[in-house]
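The following exercises treat strand pairing, burial and side-chain contacts. Each task is followed by a solution in steps.

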Amino acid sequence: MSEKIYNMVEIDTIAALAEIVNKNELGEITIVDGGKTITVKGRKCPPPPPMMSAPAPAMPVPPVQAAPAAAPAAESAAAAPKAGEKSGNVVKAPIVGTFYASPGPGKAPFVTVGREVKKGDVLMIIESMKLMNEIQSEFDGVVTEIIAKDGQAVEYDQPVMIIS
């Protein structure tokens, strides 16, 4: 003979619901019968709903092999002025990001090799965390070499161009 709890439901029914929750590893189960409602919670809580944030692929992610490929070019450019082959002021990336030579696709680059620049002129854009950062020249002179390629990932303090 089964007992009734609060004149609502039999203990056998609660035990059966608890067994279903445990057997199926449910967080909880709720049964509604007319005006009666019973909820049995299991040991495992259901996982929280996914956070509503921007998916990771939405951010531009540089290829893993792009940084090592850039390092030899950076090292040879840094070594070149020391060897005496090329002299001038080395412009380095002030932040990690993606190097862009022009303000937009199909537009003329900010600077080209042989172009004279003044302190404060925009040399490039480095995109970092979806922000376009205009990088200005700290030197007056002539651009003698552009080391980074358009769309290339650059590291902090990586040589990007040389101004003589």
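**Exercise 1: The sheet that contains E12**

Lys92 stands opposite Pro159 in E12. The model is predicted, so local features require pLDDT of at least 70 and side-chain atom pairs pLDDT 80 or more, while totals for chains, interfaces and linings use all residues. Residues are numbered from 1 along each chain as its sequence is written, and side-chain values use heavy atoms, with hydrogens and water left out.

Task: Starting from this pair, determine in which order the strands of the open sheet with E12 are arranged.

Solution.

Step 1. Strands are DSSP runs of E with at least two residues, and helices are runs of H or I with at least four, both numbered from the N terminus. Two strands pair if DSSP finds at least two bridges between them.

Step 2. E5 and E12 run antiparallel and are joined by four bridges.

Step 3. On to E10: three bridges join E10 to E12, again antiparallel. Within this pairing, Glu145 has Ile162 of E12 as its bridge partner.

Step 4. Strand E10 (residues 141-146) is also joined to E7, by two antiparallel bridges. Here Glu116 has Val142 as its bridge partner in E10, and Val117 stands opposite Gly141.

Step 5. The order of the four strands is therefore E5-E12-E10-E7, with antiparallel pairing, in an open sheet. Strand E5 (89-92) and strand E7 (116-117) are the edge strands, each pairing on one side only.

Step 6. Burial can be added for E12. With buried defined as under 20% relative accessible area, exposed as over 50% and partly exposed as in between (1.4 Å probe, protein chains only), five of the five residues of strand E12 (residues 159-163) are buried.

**Exercise 2: Thr98 and the second sheet**

Task: Establish whether Thr98 is buried or exposed, and which residue stands opposite Thr98 in E11.

Solution.

Step 1. Thr98 belongs to strand E6 (residues 97-100).

Step 2. Its relative accessible area is 14%, so Thr98 is buried.

Step 3. E6 takes part in an open sheet of four strands with antiparallel pairing, ordered E9-E8-E6-E11. Strand E9 (131-136) and strand E11 (153-154) lie at the edges with a single partner strand each, so one side of each has no neighbour in the sheet.

Step 4. Two bridges pair E6 with E11 in the antiparallel sense, and Ala153 is the residue opposite Thr98.

Step 5. Contact means heavy atoms within 4.5 Å. Leaving aside neighbours within four places in sequence, Thr98 is in contact with Ile125, Ile126, Glu127, Gly151, Gln152 and Ala153.

**Exercise 3: The nonpolar cores**

Task: Identify which residues touch the most other members of the largest nonpolar core.

Solution.

Step 1. A nonpolar core is a set of buried Ala, Val, Leu, Ile, Met, Phe, Trp, Tyr and Cys residues joined through side-chain atoms within 4.5 Å.

Step 2. The largest such core has 16 residues, of which Phe99, Leu123 and Met124 touch the most other members. Strand E8 (122-128) and E12 are the elements that give two or more residues to this core.

Step 3. Not counting residues up to four places away in sequence, Phe99 touches residues including Met124, Ile125, Ile146, Val154 and Val160.

Step 4. A second, separate core of five residues includes Leu17, Val21, Ile29 and Ile38.

**Exercise 4: Salt bridge and helix geometry**

Task: Find how many salt bridges the whole structure holds, and test how far apart the end C-alpha atoms of helix H1 are against the expected span.

Solution.

Step 1. A salt bridge is a side-chain nitrogen of Lys or Arg within 4 Å of a carboxyl oxygen of Asp or Glu. The search of the whole structure gives one.

Step 2. Glu116 and Lys118 form a salt bridge, with 3.3 Å between the closest N and O atoms. Glu116 is exposed at 52% relative accessibility, whereas Lys118 is partly exposed at 47%.

Step 3. The expected span of a helix is 1.5 Å times one less than its number of residues. For the 13 residues of helix H1 (residues 11-23) this gives 18 Å, and the end C-alpha atoms are 18 Å apart, which agrees.

Step 4. Just after H1, Glu25 has a positive phi of about 50 degrees.
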